[in-house]
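Welcome! Here is a short guided report for anyone meeting this structure for the first time. Please take a look at the sequence and the model before reading on.

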Amino acid sequence: MRIYILSGLLFFSIQINFAQNYIDLANLSYSLTPQNQFESSNAQTQVEELEFQFTFPQVLDEKNTLIANVMLESNALRLDPSLAGRTTLASLGLALGFNHKYSEKLAITYLVIPKIASDLKQITGQGFQLGGLALATLKKSENLNYKFGLYANTEEFGLFLVPYVGFYYLSPSKRFEAYITTINGDINYMLTEKINIGGDVNGLTSSYALADPYFGSSPEYFAKNTTEFFAYVRYPVAKNLFLKAKAGYSITRTYKVFEQSDKVDLGLSLFFLGDDRNLLNTPLQKGALFKLELLYRFPL
């Protein structure tokens with residue numbers, strides 16, 4: 001399954017919905033890949049990623065909840081075998097919006113998502129991106145609801161749209177949980193009262209403005225597309241605080257550099273329409289990766 005979404009966008013953990021009985025208010029994660037080899041080259045690079053998110057939901061009344069979300073993300077890697085040092089690519093995003101409950105069965109979340117994404121050498125207007133999300137939750141039963149919506153963002157490569165369809169299910173015993181969508185997925189089971197095992201898949205699409213050109217004289221940008229599958233174990237380390245140890249594999253991985261003027265006509269979920277961009281760097285091969293997550297889960 002190939003899935004794409006803005007890196008760091010985990011608003012689907014803001015589950016102000018009908019079945020889920022918690023909200024993940026904060027999440028800190030660190031992932032590391034072993035030395036990854038470039039395609040058609042013996043050169044290698046280590047890829048490190050760090051993400052932090054904090055969500056603040058404020059109930060206004062019985063129908064409306066204000067949502068604020070802060071997202072920080074950084075990636076460190078060599079962009080090409082010809083470059084000796086690693087480049088750090090980072091983003092700072094803020095999501096603001098609200099969830100409105102239209103009826104006992106239907107609620108919709110609306111978010112505006114401005115973001116700065118660059119290599120940190122220089123913040124320019126080209127590093128600014130503006131996105132938005134409309135996400136509806138439709139209650140089917142006390143343990144099942146459906147979700148559908150649309151995400152849009154002005155990436156460095158052009159307009160990017162992702163239709164969103166999925167469901168969330170929590171078993172009556174509350175031991176089995178499944179969240180499957182066109183964006184991401186998670187299936188887990190409470191093995192004991194403390195140990196939770198599961199698997200998840202996440203598709204990430206993001207882009208970053210580069211202050212100085214690495215491969216020519218024209219301005220450039222970095223585009224990241226990955227689909228990652230993990231198996232994990234989750235264990236409580238304190239009240240409402242959980243540690244997830246994850247091991248996985250990048251099903252797809254593309255880290256590419258293009259000239260700033262080299263755009264696509266439209267990015268549409270799995271497809272890039274009018275994509276005749278000229279690749280400037282050497283991509284990485286697929287590989288294993290390891291991740292640790294620390295999350296604060298607030299029970300409802």
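The report below goes from the whole chain to its cores and then to a few single residues.

**The whole chain**

Please keep in mind that this is a predicted model. The chain has 18 strands and zero helices. Its radius of gyration is 19 Å, close to the 19 Å that the globule rule gives for 300 residues, so the chain is as compact as a globular protein of that length. Taken along the principal axes, the C-alpha atoms fill a box of roughly 55 × 35 × 30 Å.

How much of the chain counts as buried? The share is 51% of the 300 residues. On the outside, the chain exposes about 13500 Å², and carbon and sulfur atoms supply 63% of that area. If you look at contacts with a separation of 6 or more, residues 24 or more positions apart account for 59% of them. As for charge, the chain has 26 positive and 27 negative charges, and the mean positions of the two sets are 9 Å apart.

**The nonpolar cores**

In soluble globular proteins, nonpolar side chains tend to be buried together. With that in mind, let us turn to the inside of this model.

The largest nonpolar core has 21 residues. Ile113, Leu133 and Tyr151 are the ones with the most contacts inside this core. Which strands each supply at least two of its residues? They are β5 (64-77), β7 (106-118), β8 (128-141), β10 (158-170) and β14 (220-238). Strand β10 gives the most to this core, with five residues. Apart from the largest core lies another one, of 14 residues, and its members include Val47, Leu79, Leu83 and Leu210.

**A few residues to visit**

Four residues make good stops on a first tour. The table gives the relative accessibility of each one.

| Residue | Relative accessibility | Class |
|---|---|---|
| Serine 40 | 83% | exposed |
| Valine 59 | 57% | exposed |
| Leucine 120 | 54% | exposed |
| Leucine 270 | 42% | partly exposed |

Let us begin with valine 59, which is found in strand β4 (residues 48-59). Is valine 59 buried or exposed? With a relative accessibility of 57%, valine 59 counts as exposed, because exposed means over 50%. Leaving aside residues up to four places away in sequence, valine 59 touches Asn64 and Thr65. Phenylalanine 98 is 39 residues from valine 59 along the chain, and their C-alpha atoms are separated by 9.4 Å.

Next come two loop residues with positive phi values. Serine 40 sits in the loop between β2 (36-37) and β3 (44-45). Its phi is near 60°, a positive value in a residue other than glycine. Serine 40 is exposed, with a relative accessible area of 83%.

Leucine 120 lies in the loop between β7 and β8, and these two strands each supply at least two residues of the largest core. Leucine 120 is not a glycine, yet it has a positive phi of about 70°. At a relative accessible area of 54%, leucine 120 is exposed.

The last stop is leucine 270, in the loop between β16 (266-268) and β17 (271-273). Leucine 270 has 42% relative accessibility and so counts as partly exposed. Glycine 93 is 177 residues away from leucine 270 along the chain, and the C-alpha atoms of the two are separated by 23 Å.

Terms used: Residues are numbered from 1 along each chain as its sequence is written. This is a predicted model: local features need pLDDT of at least 70, side-chain atom pairs count only at pLDDT 80 or more; totals for chains, interfaces and linings use all residues. Side-chain values use heavy atoms; hydrogens and water are left out. Helices (H or I, at least four residues) and strands (E, at least two) are DSSP runs, numbered from the N terminus. The radius of gyration is taken over C-alpha atoms; the globule rule is 2.2 Å times the number of residues to the power 0.38. Buried means under 20% relative accessible area, exposed over 50%, partly exposed in between (1.4 Å probe, protein chains only). Contact means heavy atoms within 4.5 Å. Accessible areas come from the Shrake-Rupley method with a 1.4 Å probe; for residues, only the protein chains shown count as cover. Lys and Arg count as positive and Asp and Glu as negative; His and the chain ends are not counted. The place of a charge is taken as NZ of Lys, CZ of Arg, CG of Asp or CD of Glu. A nonpolar core is a set of buried Ala, Val, Leu, Ile, Met, Phe, Trp, Tyr and Cys residues joined through side-chain atoms within 4.5 Å.
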